[in-house]
Amino acid sequence: MRHGATLAQALAGTACAVLLASCGVTEPAVTAEQSEPAAQVEVEDRAPDEEPDDAAADAQGEQDEQAAEPAAENAPAEDEAFDPSGPVVEAASDLGVTVSAPEGFLETEEFAALESEISALVEAGYSVSVRAVDLESGVGVSYNADEVRYPASAIKAAYCAYVCETYSGSAGLGQTMADCLLNSSNTSYETLIETFKLAPFAAWLTECGATGAGGRAYDHYYPDITANELVAVWQEIWRYGTSGEAGAEELTGLLAQTGFSPSGGALRDEHEVLAKAGWYPEDGTGYTSTNDAGVVISEDGAYAFAVMTDLSADLDRLVPLISALDDALDTMR
């Protein structure tokens with residue numbers, strides 16, 4: 001994994017850039033949604049004290065050759081090492097994790113670690129959806145990504161992106177939008193919806209490629225969505241955020257500072273992360289969920305991701321999976 005990347009470095013040589021500027025907003029206390037959960041054989045190199053005679057040398061040579069044989073047999077052949085510049089293929093593991101990645105990626109330690117994190121949640125009885133895609137090359141990972149799920153507050157990033165694209169920014173409701181994104185305030189989200197409505201948001205979602213969610217958003221504040229659709233939304237957020245259009249810097253500045261995000265907490269020391277999490281506790285309503293989605297920018301480029309589960313408001317539980325996903329994307333690119 002490469003460390004210390006900045007957004008400007010990640011975008012060098014491309015046609016667009018984005019400034020993830022601080023929005024200068026003092027974060028108010030969380031009001032409407034749940035509080036943030038408590039978040040390598042050393043080789044001896046020495047000369048003999050004296051030169052051995054020929055017979056001893058022959059015997060020693062045989063011993064050395066015999067001792068060396070097992071190591072030679074166990075050493076991996078150079079052509080078996082994973083080559084991230086190799087041809088991209090489609091492959092799937094026994095668990096059902098599919099990849100579009102350089103050939104041999106399924107045999108890497110990083111993929112094994114990612115699959116292990118998914119498997120641990122599944123074996124514990126949880127349902128999981130994962131989707132991540134490099135925004136330039138298209139390589140990526142997918143697991144159960146077409147299952148329709150409750151997004152909880154992860155959908156707020158989409159709504160704020162719709163507002164900023166349509167009105168060239170927060171349209172005088174900057175504090176409200178900041179509270180909605182930074183603190184995940186449901187009250188501020190409802191204020192935005194009352195002002196900017198649902199029907200145009202539904203149309204915006206459909207245009208982004210989230211057709212299922214778009215059809216539901218006409219009368220739902222938190223329309224069910226798939227991980228594939230949520231990544232499509234974040235691809236549009238990235239396009240807009242790097243476009244230089246009016247309002248783009250305001251939106252990305254907020255998304256770079258969001259609270260409660262497992263990806264932000266796990267990766268922001270090393271990468272730039274635009275993200276919005278969402279969670280809902282088990283209460284018998286069927287909305288139980290813990291989700292995170294966004295864009296991660298490193299020296300390798302940017303990738304969009306969505307991790308959606310039916311964990312009961314347990315953001316910390318997503319951190320190992322998101323960290324393994326980041327390692328996997330860094331390895332395959």
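A residue counts as buried when its relative accessible area is under 20%.

**Figure 1. The whole protein, before we zoom in.** This is a predicted model. By the under-20% cut-off, 47% of the protein's 333 residues are buried. Its secondary structure adds up to 12 helices and 7 strands. About 15,900 Å² of surface is exposed, with carbon and sulfur atoms supplying 46% of that.

**Figure 2. Helix 4 packing on helix 6.** Here residues 156–167 (helix 4) sit against residues 186–196 (helix 6), with the axes 11 Å apart and an angle of about 40° between them. That angle is neither under 35 degrees nor in the 65 to 115 range, so the two helices count as oblique to each other. Their crossing is left-handed. On the helix 4 side, look for Lys156, Tyr159, Cys160, Tyr162, Val163 and Tyr167; their partners in helix 6 are Asn186, Tyr189, Leu192, Ile193 and Phe196. Sorted by class, this contact has 9 nonpolar residues, 1 polar and 1 charged.

**Figure 3. Ala171, a positive phi in a loop.** Most residues other than glycine have a negative phi. Ala171 goes the other way, with phi near 55°. You'll find Ala171 in the loop between helix 4 and helix 5 (174–182). With a relative accessibility of 45%, Ala171 counts as partly exposed.

**Figure 4. Phe260, another non-glycine with positive phi.** Phi of Phe260 is about 70°, and this residue isn't a glycine. Phe260 lies in the loop that runs between helix 10 (248–255) and helix 11 (262–267). Its relative accessible area is 10%, so Phe260 is buried.

Methods: Residues are numbered from 1 along each chain as its sequence is written. This is a predicted model: local features need pLDDT of at least 70, side-chain atom pairs count only at pLDDT 80 or more; totals for chains, interfaces and linings use all residues. Side-chain values use heavy atoms; hydrogens and water are left out. Axes are lines fitted to C-alpha atoms, for helices over the stretch in contact, and angles run from 0 to 180 degrees between N-to-C directions. Helices (H or I, at least four residues) and strands (E, at least two) are DSSP runs, numbered from the N terminus. Angles under 35 degrees count as roughly parallel, over 145 as roughly antiparallel, 65 to 115 as roughly perpendicular and the rest as oblique. A crossing is left-handed if the near helix is turned anticlockwise from the far one by less than a right angle, and right-handed if clockwise. Contact means heavy atoms within 4.5 Å. Ala, Val, Leu, Ile, Met, Phe, Trp, Tyr, Cys and Pro count as nonpolar, Asp, Glu, Lys and Arg as charged, and the others, Gly among them, as polar. Buried means under 20% relative accessible area, exposed over 50%, partly exposed in between (1.4 Å probe, protein chains only). Accessible areas come from the Shrake-Rupley method with a 1.4 Å probe; for residues, only the protein chains shown count as cover.
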